[in-house]
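Me: Could you take a close look at one part of this chain for me, and then follow what lies around it? I'd like one connected walk rather than a list.

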Amino acid sequence: MSEILINLEKMGNIYNCSVVELDKIHNRAGNITPVSSLVSIPFPIKRVYYLYDVPGGGVRGGHAHYELQQLIVAASGSFDVIIDDGRNKKIVTLNRPNYGLFVTPGIWRDLVNFSSGAVLLVLASLPYEESDYIRDYQEFLSYKNGKKNNTIKY
Ligand code: TYD
């Protein structure tokens, strides 16, 4: 089995978080977007979850992850993802189901401006694990400033 080694320090900046265009199978009766592990996205999918029924003005996110990689897709409606690596910030608007934002480990994210009926779909590289979260912004900055060549292996 081949091994993928990921350098967390190099990966955790907003310039490695890109919007990727996914396949779209057009049909007059409706479109399909298939997403495959390690083909459409650079990690094996271990978990899928979706966020919906966000009340008007609702804000989600407000955390970073040590190891988790994610592809965030607006399966329906739209919202903004504010990504922050401790040095730079960027706002990415997602509003089409065949585009996703790849978020590397070590990125603080805030999810804002949800349209009514928005569905935020997440394809994630790891099972849910609370110990992978950084929920305090100062702790996030300390982690980013103190981090040395950590790697994760698949
Ligand atoms: P959280 O990831 O903080 O939500 P968001 O980023 O959308 O604001 O998760 C909110 C709560 O849901 C938290 O208590 C943990 C729980 N949760 C799970 O149990 N499993 C999951 O896969 C996720 C994503 C969250």
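Reply: Let's start at K46 and see what it touches in this predicted model. Once you set aside the neighbours within four places in sequence, K46 is in contact with A124, S125, L126 and P127. Those partners come from a long way off along the chain: K46 and A124 are 78 residues apart, yet their C-alpha atoms are separated by 6.0 Å. As for where K46 sits, look in the loop between β2 (19–21) and β3. Its relative accessible area is 49%, which lies between the 20% and 50% limits, so K46 counts as partly exposed.

Carry on along the chain and you get to strand β3 (47–51), with Y52 in the loop that joins β3 to β4 (60–65). Y52 teams up with V48 and Y50 in a nonpolar patch on the surface, and together the three have about 350 Å² of accessible area. Y52 itself comes out at 48% relative accessibility; that is not over 50%, so Y52 is called partly exposed rather than exposed.

On to β4, then, and the sheet it belongs to. Strands of a sheet pair through backbone hydrogen bonds, and they can do so in parallel or antiparallel fashion. Here we have an open sheet of five strands, ordered β7-β6-β9-β4-β11, with antiparallel pairing. Its edges are β7 (89–94) and β11 (133–134), each of which has a pairing partner on one side only. Zoom in on β4 and β9: the two run antiparallel and are joined by three bridges. If you want a residue to click on, try R60, whose bridge partner in β9 is L111.

Strand β9 also takes us to the aromatic rings. To describe a pair of aromatic rings, you give the distance of the centres and the angle of the planes. With a cut-off of 6.5 Å between ring centres, the count is eight aromatic pairs. One of them is W108 with F140, a tilted pair at 5.6 Å centre to centre and 50° between the planes. This one ties together distant parts of the chain, since W108 is in strand β9 (residues 108–112) and F140 is in helix α2 (residues 137–146), 32 residues apart. Buried or exposed, these two? Both W108 and F140 are buried.

F140 has another ring partner, Y137. Their centres are 5.7 Å apart and the planes meet at 40°, which is neither under 30 nor over 60 degrees, so this pair is tilted too. Y137 and F140 share helix α2 and sit three residues apart, about one turn of the helix. Their surroundings contrast, though. F140 has a relative accessible area of 0%, so it is buried, while Y137 has 29% and is therefore partly exposed. Put the ring pairs together and W108, Y137 and F140 make a cluster.

One more stop. How many salt bridges turn up in a search of the whole structure? Just one. Its partners are the side chains of E130 and R135, with 2.7 Å from N to O. Neither partner is hidden away: E130 has 35% relative accessibility, so it counts as partly exposed, and R135 gets that label as well, with a relative accessible area of 45%.

Terms used:
Residues are numbered from 1 along each chain as its sequence is written. This is a predicted model: local features need pLDDT of at least 70, side-chain atom pairs count only at pLDDT 80 or more; totals for chains, interfaces and linings use all residues. Side-chain values use heavy atoms; hydrogens and water are left out. Rings of Phe, Tyr and Trp (its six-membered ring) pair if their centres lie within 6.5 Å; planes under 30 degrees apart count as stacked, over 60 as edge-to-face and the rest as tilted. Helices (H or I, at least four residues) and strands (E, at least two) are DSSP runs, numbered from the N terminus. Buried means under 20% relative accessible area, exposed over 50%, partly exposed in between (1.4 Å probe, protein chains only). Patches are made of residues with over 30% relative accessible area and no salt bridge: like charges are joined within 9 Å, nonpolar side chains (Val, Leu, Ile, Met, Phe, Trp, Tyr) within 5 Å. Accessible areas come from the Shrake-Rupley method with a 1.4 Å probe; for residues, only the protein chains shown count as cover. A salt bridge is a side-chain nitrogen of Lys or Arg within 4 Å of a carboxyl oxygen of Asp or Glu. Contact means heavy atoms within 4.5 Å. Two strands pair if DSSP finds at least two bridges between them.
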